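Q: Please take a close look at the side-chain contacts in this protein. Start with the aromatic rings, then work outward to the charges, a bent helix and the cysteines.

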Amino acid sequence: MQPARPVPRIRALIAREWQQLRSFQASDRPWQMPLTAALATGLPLLIAAWTGHLALGLLSSLGGMAFLYLPATPMHHRMVTIMACSFGLIASFTLGLLSQLLPLATAPVLAVITILVTMICRFYRLPPPGSYFFVMLAALAAYTPVPVLEIPLRVGLVAMGSLLACVLAFGYSLHVLRWRTPKPVQPLPAPDFDFVVMDALIIGLTVFLSLLLAEWLQLQRPYWVPVSCLAVLQGASLRAVWNRQLQRLLGTALGLLLTWGVFSLPLNAWTVSLLVMLLSVVVETLVVRHYGMAAVFITPMAILLAEAAHLGHGSAFALIEARFYDTLAGGLVGLLGGLALHLPALRQGISRLILRLLPVKDSN
């Protein structure tokens, strides 16, 4: 009988993972795109620093994330896409805020938002970041307590940030289309029930379970859990899901060390604004080349956007520790959701259960 040789297999597995971790993808993204993205998130912060209202500027900078959905297509398609995404970000943020009026409905509302935006993104074949920022804004809104009378103000600030992103997108497109041939608008394929609806339901259920876990563990900042969960689920295959989970976990761990260094600096409204802009340039340059490297810089940027208004309130170590556990919890649930999405036997069982609850016939 041939003796088992686990050591070579383990070495081969480690070598394969290492190869994945150090592989960089080619990119033809213009260098002007990261700079304009930094302006979309940074200009509201600079205005807020000048006027002394950093918390309000942070909300507008979240709306500036709409710029990241700008496609490399002709002008008419670019502007329709980014304006539609701006509306989606505003609507997601508004629904997240309104869910605070009935705390028991927060997790179900976020799950429904996840399902709806995932369906829309898949139906229209919206490329990455896909549904990520829609869910992120909804989660931040849902788990950041605000007085009811401030809801219109916060929605308006996000809307102003999205409007700024649209204006910057128009100017950027006018410049880049002078020397760069746009990609043709691809016709949408026939909608597939399994890809558009079933995947969205499984993803929404996974995000819902991650929220229940966050609330059960009584995490201080539960909004990071569904965001981390969804980031892992965006892999196109089980292998891609595993790679994103590994890269996100390692990238977040290194990013938290970077965050520790950032929080050791003498931060104020101006330095926060400039740091967010610098990190945005680095992230948008790296994310299309290596997700794990980008995650190192995504971590401090996301923490600054979500927590900079509370600088000086509480321990920086407690904030960093909470972010790590939130990412770990969300990533593990996301990995389980990835198994449900990409393992045929498990997916078929879940699909049958869902189809029994839906008022539609199985398309198969």
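A: What follows goes through those contacts one group at a time.

The model is predicted. Start with the rings. Searching the whole structure gives 7 aromatic pairs. One of them joins Tyr 69 and Phe 133. The geometry is edge-to-face, with 6.4 Å between centres and 80° between the planes. The centre distance falls within the 6.5 Å cut-off for a pair. This contact links distant parts of the chain. Tyr 69 lies in the loop between α3 (54–63) and α4 (75–98). Phe 133 belongs to helix α6 (residues 132–142). The two are 64 residues apart. Both Tyr 69 and Phe 133 are buried.

Phe 133 has another partner, Tyr 132. Their ring centres are 5.1 Å apart and their planes meet at 85°, so this pair is edge-to-face too. Planes over 60 degrees apart get that label. Tyr 132 has a relative accessible area of 13%, so it is buried. Phe 133 comes to 11%, so it is buried as well. The cut-off for buried is under 20%. Tyr 69, Tyr 132, Phe 133 and Phe 134 make up one aromatic cluster.

Next, charges over rings. Arg 122 places its charged end over the ring of Phe 195, 4.5 Å from the ring centre. Arg 323 lies over the face of Trp 224, with 4.1 Å to the ring centre.

Arg 122 also takes part in a salt bridge. Its side chain meets that of Asp 199 at 2.8 Å, N to O. Here too, distant parts of the chain are linked. Asp 199 sits in helix α8 (residues 193–216), and Arg 122 in helix α5 (residues 106–123). The separation is 77 residues. Asp 199 and Arg 122 are both buried. So Arg 122 has two contacts described here, one with the ring of Phe 195 and one with the carboxylate side chain of Asp 199, within the 4 Å salt-bridge cut-off.

The salt-bridge count is 3. Another of them pairs Glu 284 with Arg 29, whose closest N and O atoms are 3.1 Å apart. Glu 284 is in helix α11 (residues 269–286). Arg 29 is in the loop between α1 (6–21) and α2. They are 255 residues apart, so to speak, distant parts of the chain. The burial of the two partners is not alike: Glu 284 is buried at 9% relative accessible area, whereas Arg 29 is partly exposed at 27%. Glu 150 and Arg 154 also form a salt bridge, with 3.5 Å between the closest N and O atoms. Glu 150 is partly exposed, at 32%.

Now the bent helix. Helix α2 (residues 32–51) has 20 residues. From first C-alpha to last, α2 reaches 28 Å, close to the 28 Å expected at 1.5 Å a residue. Yet α2 bends by about 40° at Gly 42. A proline, Pro 44, follows within four residues. Just after α2, Gly 52 takes a positive phi of about 80°.

Last, the cysteines. The structure holds 0 disulfides. For Cys 166, the nearest cysteine sulfur is that of Cys 85, 9.2 Å away. A disulfide needs the sulfur atoms within 2.5 Å, so Cys 166 is in none. Cys 166 is buried, with a relative accessible area of 12%. Cys 229 is buried at 0%.

How values were computed. Residues numbered from 1 in each chain as written. Predicted model: local features only at pLDDT ≥ 70, side-chain atom pairs only at ≥ 80, totals over all residues. Heavy atoms only, no water. Phe/Tyr/Trp six-rings, centres within 6.5 Å; stacked < 30°, edge-to-face > 60°. Buried < 20%, exposed > 50% of the residue type's maximum accessible area, 1.4 Å probe, protein only. Lys NZ or Arg CZ within 6 Å of the ring centre and 35° of its normal. Expected span 1.5 Å × (residues − 1). Bend = angle between axes of the 7 residues up to and from the residue.
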